[in-house]
Amino acid sequence: MHAIDDVVGGPALAQVRELRTPIPGPRSTEMLARKREAVADGVGITLPVFVDAAGGGIVRDIDGNSLIDLGSGIAVTSVGNAHPGVVAASAEQLGRFTHTAFTITGYEGYVAVCEALNRITPGDHAKRSALFNSGAEAVENAIKIARAATGRSTVVAFDHAYHGRTNLTMALTAKSMPYKRGFGPFAGDVHRAPMSYPFRDGRTGEEAARIAIERIERQVELDEIAAVIIEPIQGEGGFVVPADGFLPALADWAASHGIVFIADEIQTGFARTGEMFASTHFGIVPDLIVTAKGIAGGLPLSAVTGRAELMNAAHAGGLGGTYGGNPVACAAALASIAAFEDGLVERAREIGDIIRERLEALRATDPRVGDVRGHGAMMALELVDPVTGQPEAALTARAAAAAHAAGVIVLTCGTDGNVIRLLPPLSIGDDLLREGLDVLGDAIARG
Ligand code: PLZ
């Protein structure tokens, strides 16, 4: 299986795009046939190559093709794939013990990750954290905590929202295909409010917030609302950046009615946007903040962090799970957080400047590039018909496919499937990043 070369991931992997075969190559094609016979069809693969090693800004497949990584999985390997510090800390922990169940016998790593999260998340109030495995599981727990703390049941989520694939988080997620169709009935007591989407609604943040609040207040009694949950910059829904003023107005309204304000920073957290957390861009301090993805350099870990009095509202034994806060994932998280604090926030801004300049140049010359938006290393462009303004999903899919064929991993998103998003690992070099952007530019131009 590792016949190509030495199997060296991380920064030791040669940082060059190189295609030795068409994408997918013969070995990946063979593997895809095995996948079809063994893996449920519901589990898709966007770019059907099988990976041999990854690191820096490169993903190398089993045919020896080296692809430029502009996805980081889905915003997960922000510190870099097989980051040396993460590998060393995880390996050291693996050699000591792999599991105890924190709720049976404790270990320091879990406590240290909670201490770190309490320290680095927005706000200097007293905080507590709890650890879980996936983003969806953490969202579920944030809602449990908000309900326990308020004695209320209703949750408000937004248009274009994505919060996961479990039953409650499917209810919170807006888009039907592919996430929800056929999988209902969904959890109740969820109401949806309009999102601020400046490119489409042209509204100020204050106007958009007023409309959202009016809509909520018509649907449900205020003293029944436990929480509002929102991604400060929406991920799967299209990298929608709300207009300035929207999030603060919403947070103020929530605070004045005893409603818990939950920021889902699963995709935006950990240096990704050029701040440690995206809430900071908008000047808000969430009551609860949900994290996952970038937290542990690729190992599964998620968290809920927030005001001590809310976090402590659930009765002893009310929060848990067999694997939550696995010791190896905690060791990886501590190493990742150390790396984020050692210059990666600044690096995300530099990456953002490079991407923005390139995407703005595309927009200046191609009227189909309707909008360029994002912060730091979380940037996107929205493709539209220049005459009608309608979403151009087919062009988006063609452009992404052309980039893939040329050896650049890009992801699409958006309720209408017409957004190309860029989420490079923060370990990518400038040259590789520029090359990836050039390939993407060509792919759009030819699309
Ligand atoms: N909240 C904001 O971005 C995960 C989903 C990929 P899990 N987004 C990627 C897919 O197609 O399943 C996500 C997110 C936000 C919650 C989640 C859910 O996190 O770790 O996938 O459960």
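In this predicted model, aspartate 264 has valine 290 of strand β9 as its bridge partner. The strands concerned are β8, which spans residues 260-264, and β9, and they pair in the parallel sense over three bridges. Valine 290 also has a bridge partner in strand β10, namely valine 304. Here the pairing of β9 with β10 (residues 302-307) is antiparallel and extends over four bridges. Strand β9 is thus paired with β8 in the parallel sense and with β10 in the antiparallel sense.

What covers the faces of strand β9? In a regular strand, the side chains alternate between the two faces of the sheet. In β9, which comprises residues 288-291, Leu288 and Val290 lie on one side, while Ile289 and Thr291 lie on the other. All four of these residues are buried, and both faces of the strand are covered.

Attention may now turn to the charged side chains. The structure holds 19 salt bridges. One of them joins the side chains of glutamate 435 and arginine 17, with a distance of 2.7 Å from N to O. Glutamate 435 belongs to helix α13 (residues 430-446), whereas arginine 17 belongs to the segment before α1 (26-38), so this pair ties together parts that are 418 residues apart in sequence. Are the two partners buried, exposed or partly exposed? Glutamate 435 has a relative accessibility of 28% and therefore counts as partly exposed. Arginine 17 is likewise partly exposed, its relative accessible area being 30%.

A second example is the salt bridge in which the side chains of aspartate 52 and arginine 60 meet, at 2.8 Å from N to O. A residue is called buried when its relative accessible area is under 20%. Aspartate 52 has a value of 11% and is therefore buried. Arginine 60, at 7% relative accessibility, also counts as buried.

A third salt bridge links the side chains of arginine 373 and glutamate 382, again with 2.8 Å from N to O. Arginine 373 is buried, with a relative accessible area of 7%. Glutamate 382 is buried as well, with a relative accessible area of 1%.

To which network do arginine 373 and glutamate 382 belong? Salt bridges link these two residues in a network with Arg200, Glu360, Arg363, Asp371 and Asp416.

Technical notes
Residues numbered from 1 in each chain as written. Predicted model: local features only at pLDDT ≥ 70, side-chain atom pairs only at ≥ 80, totals over all residues. Heavy atoms only, no water. Salt bridge = Lys/Arg side-chain N within 4 Å of Asp/Glu carboxyl O. Helix = DSSP H or I, 4+ residues; strand = E, 2+ residues; numbered from the N terminus. Buried < 20%, exposed > 50% of the residue type's maximum accessible area, 1.4 Å probe, protein only. Pairing = 2+ DSSP bridges.
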